[in-house]
Amino acid sequence: AAVDEGLLALRDNRSWDLLHAMIQERAWAVATSTAQGEIIGRRQYGRKAVPSGGGGGHAPTRELFDTLLVWKATVVLDANGEAVVEVPLNASLTSFRLVAIADAGAQQFGSGSTSIQVTQDLQLLSGLPPLVRDGDRFSAMLTLRNTTAREMKLRASLRGSVNRTDASAAGANAGASASPAIARTQIVLPPQEVTLAAGAATELVWSIEVPADAFSIRWEAAAEEQGGAEAGDRLTFTQLVKPAVPIRVLQATLEQLDGRIEMPLAAPADALPATGTKRGGLRVAAQPRLTGALPGLRRYFEQYPYSCLEQQASKAVALKDATHWAAIANALPTYLDQDGLASYFPPHLEDAARGSDTLTAYLLSATHEAGFELPPSVREAMLGGLSAFV
């Protein structure tokens, strides 16, 4: 395993300390555990045109900062007891801890570790907050660090791409695509020039005001050495934007359409003043029957995570999903006990009379009302089980 030591500084991973895990004292009371040390970052499946041509001919841009570089559960050694494991470094300028855990048979085991440090001549470190609100004003800070023994004359730049939801385009294309359109605008900031002594570091600051109606800002920072030298660094990162005042439902009314309906409406007295951006408003929907279109209820059943027979059957009935019900009906014989009563989970052979008369009656009545068919043999077995119970 190769893990960023910055993460291990927050919480150490003791799972690879095998010896102490084997000889630790056994607790008498309740013990608690956490999975905070098992954070797995995103995978990288490669970038286009790297290193030549990527980024318009500039140096590769640092944008992958995963805390876990590699994890191999099985490494086979050769005849000399050696193995080579490739550890692909990401874009983080930090130190990583490499840990190896070995075992041979049931009695021999051990672990070893070492650290490696990733650095470069010119380092560009971001000080921007990962989350802001629309309308916020903050100082965008970048840290430049010269790790060489010579003086550097640098030119640093910072630019942002604001991502907004384009309501007008989304409304015009509502019939063609359900995905909302995204409008992008640029934040242009003046570059800054600075001279860094050998081994020195400095902070650069830009004043930023977060635009309204943005949901994210993608920043790209760059620093290049002037005068023909090759030192430079580039990195990109995404900043999430949340609304300062989120849109929420203040009043909802349900009416039956029977002739003309009039309803007085007015903006709340403490509503935000109009600034040219469309936020909030009035939503009107009509449906032929009360239960004809209930998106919230349908979404609840689509995301229903439970898997017992009663819950799966209820999900199929609520969604009117014939394909899902066919799969349940095909597996239904495995849920019946020796008396023909249905169980919430498939009963084991050694279990006797685990079926439920209530569940069996529910399945018969609910599927009949929904128009679903039961296999004849299963239906007769269930009816026989209920008759015997009565």
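This briefing covers strand pairing, one helix, a surface patch and the salt bridges of the structure above. The model is a predicted one. Among its elements are an open sheet of four strands with antiparallel pairing, a helix with buried residues that lie on the same side, and eleven salt bridges in the structure as a whole.

**The open four-stranded sheet**

- Four strands make up an open sheet, in which the order is 2-1-3-4 and the pairing is antiparallel.
- The edges of this sheet are strand 2, covering residues 68–70, and strand 4, covering residues 108–117, each of which pairs on one side only.
- From one strand to the next, the twist averages 20 degrees.
- Strand 3, made of residues 95–104, runs antiparallel to strand 4 and is joined to it by ten bridges; within this pairing, Ser95 stands opposite Gln117 of strand 4.

**Strand 8 and its partners**

- Strand 8 spans residues 152–166 and pairs with strand 10, residues 192–196, in the antiparallel sense over five bridges, with Ala156 standing opposite Gln192 of strand 10.
- Strand 12, residues 214–225, also runs antiparallel to strand 8, and eleven bridges join the two; here Leu154 is the residue that stands opposite Glu225 of strand 12.
- Strand 9, residues 181–188, is joined to strand 8 by eight bridges, again in an antiparallel arrangement, and Val162 stands opposite Thr185 of strand 9.

**Helix 6 and its two faces**

- Helix 6 comprises residues 322–331, and its residues Trp325, Ile328 and Ala329 are buried.
- These buried residues are placed on the same side of helix 6 because they cover an arc of only 100 degrees around the axis.
- On the face of helix 6 turned away from the buried side, the exposed residues Thr323 and Asn330 are found.

**A nonpolar patch on the surface**

- Leu257, Ile261, Met263, Leu265, Leu282 and Val284 form a nonpolar surface patch, and together they have about 660 Å² of accessible area.
- One of these residues, Ile261, is located in the loop between strand 13 (232–242) and helix 4 (295–302).
- Ile261 has a relative accessibility of 36%, and therefore counts as partly exposed.

**Salt bridges**

- The structure holds eleven salt bridges, including one between Asp136 and Arg133, whose closest N and O atoms are 3.6 Å apart.
- Both partners of that pair have an intermediate classification: Asp136 is partly exposed because its relative accessibility is 21%, and Arg133 is partly exposed because its relative accessibility is 45%.
- Glu220 meets Arg159 in a salt bridge with an N to O distance of 3.4 Å, and this pair links distant parts of the chain, given that Glu220 is in strand 12 and Arg159 in strand 8, 61 residues apart.
- Glu220 also meets Arg234 in a salt bridge, at 2.3 Å from N to O, and this pair likewise links distant parts of the chain, with Glu220 in strand 12 and Arg234 in strand 13, 14 residues apart.
- Arg234 counts as buried because its relative accessibility is 9%, which is under the 20% cut-off for that class.
- A network of salt bridges links Glu5, Asp12 and Arg97.

Methods: Residues numbered from 1 in each chain as written. Predicted model: local features only at pLDDT ≥ 70, side-chain atom pairs only at ≥ 80, totals over all residues. Heavy atoms only, no water. Pairing = 2+ DSSP bridges. Axes fitted to C-alpha atoms, helices over the stretch in contact; angles between N-to-C directions. Patch = residues over 30% accessible without salt bridge, like charges linked within 9 Å, V, L, I, M, F, W, Y side chains within 5 Å. Areas by Shrake-Rupley, 256 points an atom, 1.4 Å probe, with all protein chains shown as cover. Salt bridge = Lys/Arg side-chain N within 4 Å of Asp/Glu carboxyl O. Buried < 20%, exposed > 50% of the residue type's maximum accessible area, 1.4 Å probe, protein only. Arc of directions from axis to C-beta.
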